[in-house]
Amino acid sequence: MSPEFPVRVSQALGNDRVRRNIRRTMDGLVLKRHKAFPDEHELAVLRRRGKLIRGHALAHLPDLLEELERNCQRNGIQVHWAETAAEGNALVRDILRRHGADRVIKGKSMVSEEMGLNHYLEAQGIRAVETDLGEFILQLGDERPSHIIAPAIHKDRVEIAQRFAAHFPEYPYTEDIEGLTAIARRIMREHFGQAIAGLSGVNFAVAETGTLCLVENEGNGRLCTTAPQVHIAVCGIEKVIARLDQLPPLLTLLTRSATGQPITTYVNMISGPRREGELDGPREVHLVLLDNGRSRIHGDPQLSSTLRCIRCGACMNHCPVYSRLGGHAYGTVYPGPIGSVLEPQLQGLDRLGELADASSLCGACGEVCPVRIPLPALLRRLRAEGVRGRKGSQVVGRGSRRKPLHRLIWTLWRWVNASPTLYRGLTGLGTRLRWLVPKHLGPWTRTRSAPAIAPRSLHELARLEGFQGE
């Protein structure tokens, strides 16, 4: 295990303010989701339908991507393919340079976070301006999102007020939420009015019609995709679905699972650039389809279910580990249960295999996942792949977490348990020498007592009760 992860966990557990902020918001989101699905039967039917829609899309992924490309191009959307994050970044850079853009206004996009797009563009002399309020707050402190749908979930209004005061001293200090929002709105309006290019993510890409669906609550996404002359949408290849009539159930599952809302404030359906005679809208729309390891994941019959994720964040909201650590402790773009499954597959078990251990396997994440991703089973699979790769497995870094000491211990354990004579001899010896067992066993006894060996084994007690050979 790399030393960074335990250190980040220890730091997160020691930060009472962050834990308090996260806990308060988590409790609210969990309660709202519960109220949004009052009928368990209706929810079960909806989840089953969501799973089938996403499963169908993944089962026909190559064909649907080709259909999406054809129909997007027919609508006037320019489609680009990126095998890696580096290729995706270069494509975005080239589009911006062709239009002489020295800045791009951004709506919320986890894929662009995955690509490291902001820092890449900054190194190329192009400024990326986050316009989602949470992302805007984090960008001021050069932070990563702590949550998929609520990136600044770990911040309270006092921290945000202090950050605004440090960056925008021309505005009067306020801790009032509406006042802080008004400051951000005034600053962003200047960017919306001046930017040549806007960039957004994509929640769902409809192959049948070549439509890009983007949901949001603040309206900044709509401005990023319509106000500038150029709109660039970045999208993981797994976001494609087959038909337009499959959107309503997915949107219902997404918004209610994420924030407990019946539907988001804005549902943007982008079907192409400005047409002849239209007064507004971008003159060019580009779609960058990113693979970045998704094809490899898609090739595994079990792990491909990871790609059903619709990025609602419900697994995080209900995870007892995430709710105590927050997203930054994971050190990855996608935190929480889905991040513990997705990130080791994208970046390799040798780099991030320890994330699969950041779960109690209580099953809460799998219970609430709106598209029924079997997250606990996937976590167990990755743990197993980490120490002994499955035959034919394509998981990067499989077997990298296998340690000689662990192998020796488990080999001895197998020998002892395979031989009744050896087992009885060693357990009898252990019982007689139980007074030698130390009271402190490293990290195990920091928060619990060392296990006490009973004076008599289970076999001895059974014999005393009259059981013989049963």
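**Backbone outliers, core packing and overall dimensions**

Leu361 is placed in the loop that runs between helices α17 (349–352) and α18 (364–368). In the predicted model described here, the phi angle of this leucine is near 55°, a positive value in a residue other than glycine. Such a value is noteworthy because most residues other than glycine have a negative phi. With a relative accessible area of 31%, Leu361 is classed as partly exposed, since this class lies between the limits of 20% and 50%.

A positive phi, of about 60°, is also found at Arg311, which is not a glycine either. The loop that holds Arg311 connects α13 (294–298) with α14 (314–317). The relative accessibility of Arg311 is 11%, and this arginine therefore counts as buried, the cut-off being under 20%. The two loop residues thus fall into separate classes, Arg311 being buried and Leu361 partly exposed.

The interior was examined next. The largest nonpolar core comprises 82 residues, and the members that touch the most others are Val92, Leu96, Phe204, Ile232, Tyr322, Ile338 and Ile373. Helix α12, spanning residues 247–258, contributes the largest share of this core, with 6 residues. Another core, of 21 residues, lies apart from it and includes Leu61, Leu65, Ala233 and Leu289.

The surroundings of Ile232, one of the members of the largest core with the most contacts to other members, were listed without residues up to four places away in sequence. On this basis, Ile232 touches Val92, Ile95 and Leu96, as well as Gly198, Leu199 and Ser200. The contacts of Ile232 are completed by His286 and Val288. Of these partners, Val92 and Leu96 are themselves among the core members that touch the most others.

At the level of the whole chain, the protein contains 22 helices and 10 strands. The C-alpha trace spans about 95 × 55 × 45 Å along its principal axes. Of the 470 residues in the protein, 48% are buried. Among contacts with a separation of 6 or more, 73% are formed by residues 24 or more positions apart.

The exposed area of the protein is about 23,500 Å², of which carbon and sulfur atoms supply 54%. The protein carries 64 positive and 49 negative charges, and the mean positions of these two sets are 8 Å apart.

Methods:
Residues numbered from 1 in each chain as written. Predicted model: local features only at pLDDT ≥ 70, side-chain atom pairs only at ≥ 80, totals over all residues. Heavy atoms only, no water. Core = buried A, V, L, I, M, F, W, Y, C linked by side-chain atoms within 4.5 Å. Buried < 20%, exposed > 50% of the residue type's maximum accessible area, 1.4 Å probe, protein only. Helix = DSSP H or I, 4+ residues; strand = E, 2+ residues; numbered from the N terminus. Contact = heavy atoms within 4.5 Å. Areas by Shrake-Rupley, 256 points an atom, 1.4 Å probe, with all protein chains shown as cover. Lys, Arg positive; Asp, Glu negative; His and termini not counted. Charge placed at Lys NZ, Arg CZ, Asp CG, Glu CD.
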